[in-house]
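User: I should like a close look at a single part of this model, followed by an account of how that part sits in its surroundings. Please answer in connected prose.

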Amino acid sequence: GARRGGAIPAVLPVELILTDPQGGRAEPSGYYAAKDGVLNVRFESAPNDAPGEWTLSVRELAGGASAQRTLRLR
């Protein structure tokens, strides 16, 4: 079995939310499936994307675990 905090060997639903510095929801926000604890989503900023701190939030929907990170777009 998986140890606490480790990857779960299954496909689990996750919600990914990327918000811009004004709090607006941005692409690639949406629902995804993480396989064996891994989710790869590509984000390419556009020239008109607002510079500043963007927030990436991910929530695993089966168990409710979540994480949040901030990234700076220049």
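Is Trp-54 buried or exposed, and at what relative accessibility?

Analyst: Trp-54 counts as buried, because its relative accessibility is 2%, and the cut-off for buried is under 20%. The model is a predicted one, and every value below is computed from it.

The aromatic partner of Trp-54 is the natural place to begin. A pair of aromatic rings is described by the distance of the centres and the angle of the planes. The count of aromatic pairs in this model comes to one. In that pair, the ring centres of Phe-43 and Trp-54 are 5.6 Å apart and the planes meet at 45°, so the arrangement is tilted. The tilted class takes in planes that are neither under 30 degrees apart, which would be stacked, nor over 60, which would be edge-to-face. The pair links distant parts of the chain, with Phe-43 in the loop between E2 and E3 and Trp-54 in strand E3, eleven residues apart. The two partners can also be described by accessibility: Phe-43 is partly exposed at 31%, whereas Trp-54 is buried at 2%.

Trp-54 is also in contact with Thr-19, whose other contacts beyond four places in sequence are Gly-24, Arg-25 and Thr-55. Thr-19 belongs to strand E1, which covers residues 11–19. With a relative accessibility of 19%, Thr-19 counts as buried, because the limit is under 20%.

The sheet gives these residues their setting. Strands of a sheet pair through backbone hydrogen bonds, either parallel or antiparallel. Here an open sheet of four strands is arranged in the order E2-E1-E3-E4, with antiparallel pairing. E2 and E4 are the edge strands, each pairing on one side only. From one strand to the next, the twist averages 20°.

Elsewhere in strand E1 lies Glu-15, which is buried at a relative accessibility of 9%. The Glu-15 side chain makes a polar contact of 3.3 Å with the side chain of Tyr-31. Beyond its neighbours up to four places away in sequence, Glu-15 touches Tyr-31 together with Arg-25, Gly-30, Ser-57, Val-58, Arg-59 and Leu-61. Arg-25 is thus among the residues touched by Glu-15, and it is also one of the contacts of Thr-19.

On one side of the sheet order, E1 and E2 pair in the antiparallel sense over eight bridges. Within this pairing, Leu-12 has Ala-34 in E2 as its bridge partner. Strand E2 covers residues 25–35 and contains Pro-28. The peptide bond that joins Glu-27 and Pro-28 is cis, with omega at about 15°.

After E2 comes the loop that leads to strand E3 (52–60), and Asp-36 is placed in this loop. Asp-36 has a positive phi of about 55° although it is not a glycine. Its relative accessibility of 38% makes Asp-36 partly exposed, because that class lies between the limits for buried, under 20%, and exposed, over 50%. Ile-8, in the segment before E1, has a relative accessibility of 41% and likewise counts as partly exposed. Between Ile-8 and Val-38 there are 9.4 Å in space, C-alpha to C-alpha, although the two are 30 residues apart in sequence.

On the other side of the order, E3, the strand of Trp-54, runs antiparallel to E4, and eight bridges join the two. E3 and E4 form a hairpin with five residues between them, and Gly-64 in the turn has a positive phi of about 90°. Ser-66 is found in strand E4, which spans residues 66–73. Arg-59 stands opposite Ser-66 in this pairing, and Ser-66 touches both Arg-59 and Val-58, leaving out residues up to four places away in sequence. Ser-66 is exposed, because its relative accessible area is 58% and the limit for exposed is over 50%. From Ser-66 to Glu-53 the C-alpha separation is 19 Å, with their positions 13 residues apart in sequence.

Taken together, Trp-54 is a buried residue of strand E3. Trp-54 forms a tilted ring pair with Phe-43, and Thr-19 is in contact with it as well.

Definitions and conventions. Residues are numbered from 1 along each chain as its sequence is written. This is a predicted model: local features need pLDDT of at least 70, side-chain atom pairs count only at pLDDT 80 or more; totals for chains, interfaces and linings use all residues. Side-chain values use heavy atoms; hydrogens and water are left out. Buried means under 20% relative accessible area, exposed over 50%, partly exposed in between (1.4 Å probe, protein chains only). Contact means heavy atoms within 4.5 Å. Two strands pair if DSSP finds at least two bridges between them. Rings of Phe, Tyr and Trp (its six-membered ring) pair if their centres lie within 6.5 Å; planes under 30 degrees apart count as stacked, over 60 as edge-to-face and the rest as tilted. A polar contact is a pair of N or O atoms within 3.5 Å; within protein, one must be able to donate a hydrogen and the other to accept it, and residues adjacent in sequence count only if both atoms are side-chain atoms. Axes are lines fitted to C-alpha atoms, for helices over the stretch in contact, and angles run from 0 to 180 degrees between N-to-C directions.
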